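User: I have a two-chain model on my screen and would like to talk it through. Could you take my questions one by one?

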Amino acid sequence: MRSRIPVILLACGSFNPTTNMHMRLFELARDHLHQTGRYQVIEGIMSPVSDKYGKQGLVSARHRVAMARLALETSDWIRVDPWESEQDTWTETVKVLRHHYNEALTAFQSKEFMRSKHPTESSTGDSLSCQQQVLPELKLLCGADFLQSFKTPNLWKEEDIKEIVEKFGLVCISRAGSDPSQFIQESDLLSEFQHNIFLVREWIQNEISATQIRSALCRGLSVKYLIPDSVIAYIAQHNVYSAESERRNQGHPLQPLRLQNTAINPLRD
Amino acid sequence: DPDRKTEVVLLACGSFNPITNMHLRLFELAKDYLHETGKYKVIKGIISPVGDAYKKKGLISANHRVAMAKLATESSDWVEVDDWESCQSEWLETLKVLRYHHQKLLSADVTNKTKDAVLITKLGRKRKQESNRHEPIKKKNQNLVIKSVPQVKLLCGSDMLESFGIPNLWKLEDITEIVEKHGLVCISRAGNNVQKFIYESDILWRHKENIHLVEEWITNDISSTKIRRALRRGQSIRYLVPDAVRAYIERNRLYSPESEDRNAGVLLAPLQKHASDPRSSQTLN
């Protein structure tokens, strides 16, 4: 019996704040990968971006990590990892992927080492106790807008995109109305690795943008049932969002755009 | 002046099969909207699941639907579940449910006003007993705050409003009384046809001041049908319904291909009831 490939899903983003939609992405991705019959999703990681990203309205990483943690309290497989947010500078997505992959590999290898020291009786039907363990894969979980952002000039390095789709893989969730497969077809690079790009259609529309949430909060409108109650309480308690916090980083370019010197369009093949 | 605001109770009738985050959002959106007009104060939200006698396809037992709605509203300090409608042995027109809750509200209101009056009367008596006072005794009524009559408004999505146009589903006189005597708060997505629908109906147009249209900017299409579909396919419904509701569904193994087949081929109760009623053939225009 062929073992399923263990998969870890990594979502990078502002999470400003974490919404029910963010968490749905994980659930949708997991269901999709399981239904292929080839994968077993073993973990989900939410990685809030560092403050150095410089996006307008981005509140302190301390808050964003705390809110994500509260939102994920009831989940038994998704966790928040503050590594990216704790770095001194903004970190390219591919570097975050590399970091978490190395962590996963280390954990996997130490488990293998332990298993070789203390062999257990193999039980039939349990793929995890097979003699030959399958290396886990780390895949980037994202929305269709993220995929489309590959087109934005100066935002991505071509070699980074290649490494992401070749070495890791993408699980891209899109709305009922949109279909990113055309976008993939129009790019030689993405087409080459389309076997490693999983497109998941979200039929139950639930487009809770964090921007709209912040806007509602600033107007004193209710966001109950759009984000977890615990996050609402945290926001109120710490007065996280205000007209003032929305003006943070106003007029400043995003850090990745600052780093690119030449105007290149990585996907113009 | 907070005391000049009309007190409103929002009543949502429906299958709630199961209740979802979208249903709960309707209340929040409606309350924010009404408060922002400055004219209303929403004092309560009521979820009234329909009785089993409605005979809608896939409708599971009212016991479960009420239980799930109660779990869903545990964290709310103003929205509650009322099972009166679901306990009736026959299907009830929405207007009857509105009237019931309106009556209940009025009696509670009278009781409160009576309590206020008794309190003021007591104060009045106290003054009387102070023999040194020579000022005229204040009339009781002057201390009573004059509030307008509280209202029960039907909370719904655009699909319910537009269902007014489905032949034999609603009685014209019911629709009239709903919009005339009670009022509607209708939540719909941006780019909807609701305004056009109201424009095309003489009755709705006449009472359009009492039909509050609220636009929902955050697209949230979590319909119960989709939830049941996901469950049949073994897909996750986390973060679409409150966690306690998800756990309840799992524990009780609700929603399966079998449960979806319930009432298959059976005519919906209102359609059956109005089929032979000549009044139902009247159109909205």
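**Salt bridges, strands and the interface**

Analyst: Counting over all chains, the structure holds 27 salt bridges, a salt bridge being a side-chain nitrogen of Lys or Arg within 4 Å of a carboxyl oxygen of Asp or Glu. Bear in mind that this is a predicted model: local features need pLDDT of at least 70, side-chain atom pairs count only at pLDDT 80 or more, and totals for chains, interfaces and linings use all residues. Residues are numbered from 1 along each chain as its sequence is written, chains are lettered from A and ligands numbered from 1 in the order in which they are written, and side-chain values use heavy atoms, with hydrogens and water left out.

User: Which residue forms salt bridges with both B:Asp243 and B:Glu250?

Analyst: Helix H10 of chain B covers residues 243-252 (helices, H or I, at least four residues, and strands, E, at least two, are DSSP runs numbered from the N terminus). B:Asp243 sits 3 residues from its partner, about one helical turn, with the closest N and O atoms 3.1 Å apart. B:Glu250 is 4 residues from that partner, again about one helical turn, and the N to O distance is 2.9 Å. The shared partner is B:Arg246.

User: Is B:Arg246 buried or exposed?

Analyst: Buried means under 20% relative accessible area, exposed over 50%, and partly exposed in between (1.4 Å probe, protein chains only). Its partner B:Glu250 is exposed at 57%, while B:Asp243 is partly exposed at 30%. With a relative accessible area of 13%, B:Arg246 is buried.

User: Which residues are linked with B:Glu93 in a network of salt bridges?

Analyst: One link is a salt bridge of 3.1 Å, N to O, between the side chains of B:Glu93 and B:Lys96. B:Glu93 has 3% relative accessibility, so it counts as buried, and B:Lys96 at 34% counts as partly exposed. Linked with B:Glu93 in the network are B:Lys96, B:Lys171 and B:Lys273.

User: Which residues stand opposite A:Leu140 of strand E4 of chain A?

Analyst: Strand E4 (residues 137-143) has 6 of its 7 residues buried, so it is largely enclosed by the rest of the structure. Strand E1 (residues 5-13) runs parallel to E4, joined by 5 bridges, and strand E5 (residues 170-175) runs parallel to E4 with 4 bridges; two strands pair if DSSP finds at least two bridges between them. The residues opposite A:Leu140 are A:Leu10 and, in E5, A:Leu170.

User: How far apart are the end C-alpha atoms of helix H1 of chain A?

Analyst: H1 runs over residues 20-35, and its expected span is 1.5 Å times one less than its number of residues. For 16 residues that should come to 22 Å, which agrees with the model's end-to-end value of 23 Å.

User: How many residue pairs are in polar contact across the interface of chain A and chain B?

Analyst: The two chains bury about 2,400 Å² between them, 51% of it on carbon and sulfur atoms, where buried area is the accessible area (1.4 Å probe) that two parts lose on being put together, summed over both. Salt bridges between chain A and chain B number 0. A polar contact is a pair of N or O atoms within 3.5 Å; within protein, one must be able to donate a hydrogen and the other to accept it, and residues adjacent in sequence count only if both atoms are side-chain atoms. With both residues at pLDDT 80 or more, the number of pairs is 15.

User: Which element gives the most to the side of chain A that touches chain B?

Analyst: Two elements there give two or more residues, H1 and helix H9 (210-218) of chain A. The top contributor, with 6 residues, is H1.
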